[in-house]
Amino acid sequence: MSSTRKGARAVRPGAALAVLAAAQFAVALSTSVVNVALPAVRDGVGLSDTGMSWVVNSYGLAFGALLLLGGRAADLAGRRRVLLGGLALFTAASVAAGLATGPWTLITARTAQGVGAAAVAPAALSLVMRLFPPGTGRARAIGVWGAVSGAGGAAGVLLGGVLTEGLGWPWVFHVSGLGAAVVLVGTLALVPASAPDDDAPRRLDLVGTLTVTAGLVALVYGLTSAGRSGWTDPWVLGSPGAAAVLLALFLLVERRHPAPLLPPRLWTEGLVAPANLVMTLLGAVWVGLFFFLPLYQQQVLGAGPLETGLSQLPLAAANMLGSWFAPRLARRLGPYVTLAAGLLTQAAGLLWLSRITADGSYPTDLLGPVLVIGLGLGTAFVQLTGAAVTGVRPADSGLASGLVNTTRQIGGAVGLAVLGTLAASRTAAAAHHHSPAAALTEGYRLAFLISAAVLAVGAALTPLLSRRLAAPPQPRRPRPPLPRTERLSDTHRIRHPQKEIPP
């Protein structure tokens, strides 16, 4: 695609891809940029240990729960317009987070950041799919997308360490806002406008959005609070029950709404269902890795924020290398084998990481595992992202783009809650017999070991994609209109079933 409509300026797909990839980089960066700064943020605004996890999860939950709404809004209102609005909100919320002086102000600003990101991510990915038709060009574009997504998570830890030690934790948020503002200007200059799809639903499913968001918040709240209050606490016991009721209500609303947030038919299109199932598992591990690894380095090994951030460079480089190799490897070995290999490689790295010790060091305990994890993460993410948006109708491209980001973020929020609770329980049990550093290490080791098992399950599920992933199905095409005589015959046959007239 080299030009727009007559009279419009020429479209440069490469420049537009750079801007859209930068938007995704900013979204991924904000998921992990606070992780190294969490101890300093806790002291600065008076957070509790549970509050630290909510600084991460408030962003992830708002992001994940509203991605479907953001994707559908992009289909309905125009992708570029929704992207610009999301970037503006993200910029303002980032500045507000940096100015926060109390826990609830910070968590509210992080939630608003997530809302903005929920508009940015699906609109940007949908625009990429429109700029690059199926073929080698799209495969390369998805490779770039996967590389910047994975690198954003690792770079967030690096940038968080540099900024926390150099300028103070508020700049972790201010720089995120500055980056989003630059992307906004680039979008205005280089990304072509996108008209709404004519066959997209003309309504937004607000009831479905409310029920699924409330249900997910209740679920994550219960899982997060269990480590602090115990599983017998009434609020902990009641939250999963409330979540089950709200999510069941969401499914009921989706079946009856004329323009559902998540149409049930979407799960039958292309590779949407199996790809998103595996992406949920990958997301659970991804977010947990970037949460626990910096904490281990700072709280056990005694590394400072800057040292912790710089140590993520090998992980980011390996991730980008895996993303770059993934399309080439898929052409040689097949997409199914490539995906399974990526998941198993990452699982092997996490299994290796689960052998950390309280008196370890970065070169001996972490460098090797993070290189292996980075290669596997980049390879698997590229394959899953491409598969999850393959074979859907053009009018649903924004929704499918939102869904694949949703499953990753929701998987991350739930996964972090579960892993955090289990790690805290193991640490509390080990504290009776070990030093504080050794007890923390026991909790982190358990989290990494469970993460490896989760990815092994994901690799076992990849045969669900194997047959169709090798030859992706084409989007459904509308049937051509019948000739007028045939339409009249059909009408006559409907009105007078007893007198069938052959077409």
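Which residues does Gln 113 touch, not counting residues up to four places away in sequence? In this predicted model, Gln 113 touches Ser 30, Tyr 59, Phe 90, Ala 93, Ser 94, Phe 173 and Ser 176. Gln 113 lies in helix H5, which spans residues 103–131. The residue counts as buried because its relative accessibility is 0%, and buried means under 20%.

The interior was then examined for empty space. Rolling a probe the size of a water molecule over the atoms shows where such space is left. The count comes to 3 cavities of 30 Å³ or more, and the largest cavity has a volume of about 110 Å³. The lining of the largest cavity consists of 13 residues, and Thr 31, Ser 32, Trp 286, Val 287 and Phe 290 lie nearest its centre. Two or more lining residues are given by each of helix H1 (13–32), helix H6 (136–166), helix H10 (272–300) and helix H15 (397–430). Helix H10 gives the most, with 4 residues. By residue class, the lining divides into 6 nonpolar, 6 polar and 1 charged.

Helix H10 also features in the nonpolar core. The largest nonpolar core has 125 residues, and its largest share, 16 residues, comes from H10. The residues with the most contacts inside this core are Leu 20, Leu 83, Leu 106, Leu 282, Phe 292, Leu 350 and Leu 353. For one of these, Leu 353, the contacts comprise Leu 289, Leu 293, Asp 365, Leu 366, Pro 369, Ile 373 and Phe 448, not counting residues up to four places away in sequence.

Conventions. Residues numbered from 1 in each chain as written. Predicted model: local features only at pLDDT ≥ 70, side-chain atom pairs only at ≥ 80, totals over all residues. Heavy atoms only, no water. Buried < 20%, exposed > 50% of the residue type's maximum accessible area, 1.4 Å probe, protein only. Contact = heavy atoms within 4.5 Å. 1 Å grid on protein atoms, 1.4 Å probe; cavity = no way out; pocket = protein on both sides within 12 Å on 5 of 7 lines; lining within 4 Å. Points joined across faces, edges and corners; volume = space filled by probe spheres on them. Nonpolar A, V, L, I, M, F, W, Y, C, P; charged D, E, K, R; others polar. Core = buried A, V, L, I, M, F, W, Y, C linked by side-chain atoms within 4.5 Å.
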